[in-house]
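Q: I have a structure open here and would like to talk through how it is put together. Could you take my questions as they come?

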Amino acid sequence: QVQLVESGGGSVQAGGSLRLSCVASGSTYSTYYMAWMGWFRQAPGKEREGLATIYIAGGRTYYADSVKGRFTISQDNAKNTLYLQMNNLKSEDTAMYYCAATSRPNIAIWSPRSYDYWGQGTQVTVSS
C-alpha cells in the first residue's frame with residue numbers, strides 16, 4: 001500500500017505564492033515502481049481537474065493550460081516528495097489540491113481514474 005500526504009496549503013492573496021508538498025510512503029513504495037505522479041484540484045461543485053503531472057523515470061512534466069507558466073511540478077526522489085510551486089495565484093485557483101500516483105505507465109494523464117493512489121488533500125484559498 002502507498003500513502004500520500006499533502007501539505008503546504010493555506011490562504012493567500014491574489015498574486016501570491018504557495019508551495020505544496022506530497023510525501024509518499026508505504027511498504028511497497030518506490031520511485032522505481034511509480035510511473036506517474038501528479039497534482040489535481042477540485043473546487044466545490046466542479047469536477048476534479050488535472051493540473052500538472054510528471055513521468056517519474058524520465059522527469060518529463062506536463063501542465064494544464066490553466067496553470068502553464070504559473071505552476072511548476074518537481075520531485076525529490078531522495079525524499080520521496082513531490083512538489084507543486086504555485087505562483088501568481090488567482091481567485092479561481094481556490095480549491096482542494098490532491099496528490100496522486102500510479103505505477104501504470106500507459107495512462108490518460110489528465111484522467112483522475114488513471115491514478116491509483118491519492119492523498120487526503122490540502123486546501124488552497126486565494127482571496128482577491
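Q: How do strand 4 and strand 5 pair, parallel or antiparallel, and over how many bridges?
A: This is a predicted model, and in it strand 4 and strand 5 pair in the antiparallel sense, over six bridges. Within that pairing, Met37 stands opposite Ile54 of strand 5.

Q: And what's in the turn of that hairpin?
A: Six residues lie between strand 4 and strand 5 in the hairpin, and Gly45 in the turn has a positive phi of about 80°.

Q: What does strand 5 do on the other side, with strand 6?
A: Strand 5 and strand 6 run antiparallel and are joined by three bridges, with Tyr63 in strand 6 as the bridge partner of Ala52. These two strands also form a hairpin, with five residues between them, where Gly59 takes a positive phi near 80°.

Q: Why call strand 5 largely enclosed?
A: Because six of the seven residues of strand 5 are buried, the strand is largely enclosed by the rest of the structure.

Q: OK, switching to the loop after strand 6: where is Ser66, and what does it touch?
A: Ser66 lies in the loop between strand 6 (61-63) and strand 7, and it touches Arg41 and Glu49, leaving aside residues up to four places away in sequence. The C-alpha atoms of Ser66 and Leu51 are separated by 7.6 Å, with the two residues 15 apart along the chain. Ser66 counts as partly exposed, at 33% relative accessibility.

Q: Now the aromatics. How many aromatic pairs turn up in the whole structure?
A: A search of the whole structure finds six aromatic pairs. One of them is Phe40 with Tyr115, whose ring centres are 5.1 Å apart and whose planes stand at 75°, so the pair is edge-to-face, the class for planes over 60 degrees apart. This pair links distant parts of the chain, since Phe40 is in strand 4 (residues 36-42) whereas Tyr115 is in the loop between strand 9 (95-102) and strand 10 (117-118), 75 residues apart.

Q: Are those two buried or exposed?
A: Phe40 is buried, with a relative accessible area of 1%, and Tyr115 is buried as well, with a value of 4%.

Q: Which residues do the ring pairs link into a cluster, and where does Arg48 sit?
A: Ring pairs link Phe40, Tyr98, Tyr115 and Trp118 into a cluster. The charged end of Arg48 sits over the ring of Tyr98, 3.9 Å from the ring centre, and Arg48 also lies over the face of Trp118, at 4.8 Å from that ring centre.

Q: What about the nonpolar core: how many residues are in the largest one, and which have the most contacts inside it?
A: The largest nonpolar core has 30 residues, and those with the most contacts inside it are Met37, Leu84, Met86 and Tyr97. Several strands each supply at least two residues of this core, among them strand 3, strand 4, strand 5 and strand 8. A second, separate core of eight residues includes Trp36, Phe40, Tyr55 and Ile109.

Q: What does Tyr97 touch?
A: Leaving aside residues up to four places away in sequence, the residues that Tyr97 touches include Leu20, Phe40, Leu51, Phe71, Leu84, Met86 and Val124, and also Glu6 and Arg41.

Q: Last one: in what order do the strands of the open sheet run, and which are the edge strands?
A: Four strands form the open sheet in the order 1-3-8-7, with antiparallel pairing. The edge strands are strand 1 (3-7) and strand 7 (71-76), each pairing on one side only, and the twist averages 15° from one strand to the next. Inside this sheet, six bridges join strand 3 to strand 8, and Leu18 has Met86 as its bridge partner in strand 8.

Conventions. Residues numbered from 1 in each chain as written. Predicted model: local features only at pLDDT ≥ 70, side-chain atom pairs only at ≥ 80, totals over all residues. Heavy atoms only, no water. Phe/Tyr/Trp six-rings, centres within 6.5 Å; stacked < 30°, edge-to-face > 60°. Buried < 20%, exposed > 50% of the residue type's maximum accessible area, 1.4 Å probe, protein only. Lys NZ or Arg CZ within 6 Å of the ring centre and 35° of its normal. Pairing = 2+ DSSP bridges. Axes fitted to C-alpha atoms, helices over the stretch in contact; angles between N-to-C directions. Core = buried A, V, L, I, M, F, W, Y, C linked by side-chain atoms within 4.5 Å. Contact = heavy atoms within 4.5 Å.
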